[in-house]
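Trainee: I have a model open and would like to learn how to read it. Could you take me through it feature by feature?

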Amino acid sequence: MQSHRFTLFIVFFLAILSHIQGQASSELQDRSFKLLSPFSVALETLQKQLDYTFNNIGLLRRAMTHASFSEENNRALSILGANVIETSVSLQLLGKDIEISSKDLNHQISEISKVETSCAVDGKRLGLQKVIRVSPRTNSSTPAVVCGAFRAIFGAIAIDTGKSDDAGNLFWTVHHGQVGHALEFISELSLIVNL
Ligand SMILES: *[C@@H]1O[C@H](CO)[C@@H](O)[C@H](O)[C@H]1NC(C)=O
């Protein structure tokens with residue numbers, strides 16, 4: 001009787017053990033899948049390109065997520081980003097010339113904030129149209145989508161650092177074309193990862 005019970009106990013114990021191991025290995029597979037997903041690879045490349053590493057990568061994930069893809073999206077971050085850019089432009093222009101007229105200042109701000117000619121151009125140079133997650137029916141290359149993602153990056157950095165200085169400085173670096181092009185290789189990279 002005793003040994004029968006002991007055997008039962010062992011069988012039970014082994015069953016639990018194998019169950020736990022099974023769970024652990026499937027979790028591991030999940031995690032390595034997430035690490036190597038094309039989106040994660042693109043976020044890593046984007047950070048390198050910007051020369052900025054997020055403390056909270058979730059902010060960059062969100063910045064690269066269009067409203068058509070998920071409830072958790074970049075809308076609010078892109079509003080903050082637009083404000084960061086405007087503040088940075090105003091600071092720089094007024095710093096150079098305190099006598100600048102309000103008309104000139106407003107004109108320069110609106111030039112740099114233009115979706116078609118400025119914002120989307122900067123965003124495309126970064127290759128954001130290849131990174132941003134959109135619904136299957138949404139064209140990720142339209143200026144509005146690219147521009148929203150571009151602005152959201154600076155909103156995300158401002159939240160990540162708790163201030164707008166670094167985000168504003170990085171905006172100028174990107175706007176002056178000092179970064180870009182690294183993501184041209186992203187489709188090849190994703191291919192390798194998918195294999
Ligand atoms: C997506 O948008 C871009 C930019 O507006 C355009 O050039 C391209 O033709 C569009 N693609 C599709 C499939 O509609």
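Mentor: Gladly; we will go from the overall fold to helix faces, a helix pair, the core and a few single residues. Keep in mind that this is a predicted model.

Trainee: Let's begin with the whole chain. How many helices and strands does the secondary structure come to?

Mentor: Ten helices and zero strands. Read from the N terminus, the order of elements is therefore simply α-α-α-α-α-α-α-α-α-α. Of the 195 residues, 26% count as buried. Among contacts with a separation of 6 or more, 67% join residues 24 or more positions apart.

Trainee: Now a single helix. How do I work out which side of a helix faces inward?

Mentor: The general idea comes from helix geometry: an α-helix has 3.6 residues a turn, so residues three or four places apart point the same way. Now try helix 6, residues 115–125, where Cys119, Ala120, Asp122 and Gly123 are buried. These residues cover an arc of only 150 degrees around the axis, which puts them on the same side of helix 6.

Trainee: Which exposed residues does the face turned away from the buried side of helix 6 carry?

Mentor: Glu116 and Thr117 are the exposed residues there. On the buried side, the packing partners of helix 6 are helix 5 (102–113), helix 7 (128–131), helix 8 (143–161) and helix 9 (165–175). Just past the end of helix 6, have a look at glycine 127, whose phi is positive, at about 80 degrees.

Trainee: Can I practise the same reading on helix 9? Which of its residues are buried?

Mentor: In helix 9 they are Ala167, Gly168, Phe171 and Val174. Viewed down the axis, these buried residues fall within an arc of 125 degrees, so they line one face of helix 9. Their cover includes helix 4, helix 6 and helix 8. Glycine 177, just after helix 9, also has a positive phi, of about 75 degrees.

Trainee: Next, a pair of helices. At what angle do helix 6 and helix 8 pack, and how far apart are their axes?

Mentor: For a pair, I read the angle, the axis distance, the handedness and then the residues. Helix 6 and helix 8 pack at about 65 degrees with their axes 8 Å apart, and their crossing is left-handed. Helix 6 brings Val115, Glu116, Cys119, Ala120, Asp122, Gly123 and Lys124 to the contact, while helix 8 brings Pro143, Ala144, Val146, Cys147, Ala149, Phe150 and Arg151. By character, the contact residues divide into nine nonpolar, one polar and four charged.

Trainee: And what should I look for in a core?

Mentor: In soluble globular proteins, nonpolar side chains tend to be buried together. Here the largest nonpolar core has 32 residues, and those with the most contacts inside it are Ala63, Ala149, Ile153, Phe154 and Ala156. Two or more residues each come from helix 2 (38–50), helix 3 (57–63), helix 4 (75–96), helix 6, helix 7, helix 8 and helix 9. The largest share, twelve residues, is given by helix 8. Alanine 156 is a good one to click on: leaving out residues up to four places away in sequence, it touches Leu59, Leu60, Arg62, Ala63 and Leu77.

Trainee: Is phenylalanine 150 buried or exposed?

Mentor: Phenylalanine 150 sits in helix 8. Counting neighbours settles the matter: 31 other C-beta atoms lie within 10 Å and the cut-off for buried is 20 or more, so phenylalanine 150 is buried. Beyond four places in sequence, phenylalanine 150 touches Cys119, Asp122, Gly123 and Leu128. Its C-alpha is also 8.2 Å from that of glycine 81, though the two are 69 residues apart in sequence.

Trainee: How about loops, then? Where is serine 141?

Mentor: Serine 141 is in the loop between helix 7 and helix 8, and is partly exposed, with 14 other C-beta atoms within 10 Å. Apart from neighbours within four places in sequence, serine 141 contacts Gln129 and Val146. For another loop, go to asparagine 55, between helix 2 and helix 3. Asparagine 55 is exposed, with 10 other C-beta atoms within 10 Å. Even so, asparagine 55 and threonine 161, 106 residues apart in sequence, are 8.2 Å apart in space, C-alpha to C-alpha.

Conventions: Residues are numbered from 1 along each chain as its sequence is written. This is a predicted model: local features need pLDDT of at least 70, side-chain atom pairs count only at pLDDT 80 or more; totals for chains, interfaces and linings use all residues. A residue is buried if 20 or more other C-beta atoms lie within 10 Å of its own, exposed if 12 or fewer, and partly exposed in between; C-beta atoms are placed from the backbone. Helices (H or I, at least four residues) and strands (E, at least two) are DSSP runs, numbered from the N terminus. The arc is that of the directions from the helix axis to the C-beta atoms. Two residues are in contact if their C-beta atoms, placed from the backbone, lie within 7 Å. A nonpolar core is a set of buried Ala, Val, Leu, Ile, Met, Phe, Trp, Tyr and Cys residues joined through C-beta atoms within 7 Å. Axes are lines fitted to C-alpha atoms, for helices over the stretch in contact, and angles run from 0 to 180 degrees between N-to-C directions. A crossing is left-handed if the near helix is turned anticlockwise from the far one by less than a right angle, and right-handed if clockwise. Ala, Val, Leu, Ile, Met, Phe, Trp, Tyr, Cys and Pro count as nonpolar, Asp, Glu, Lys and Arg as charged, and the others, Gly among them, as polar.
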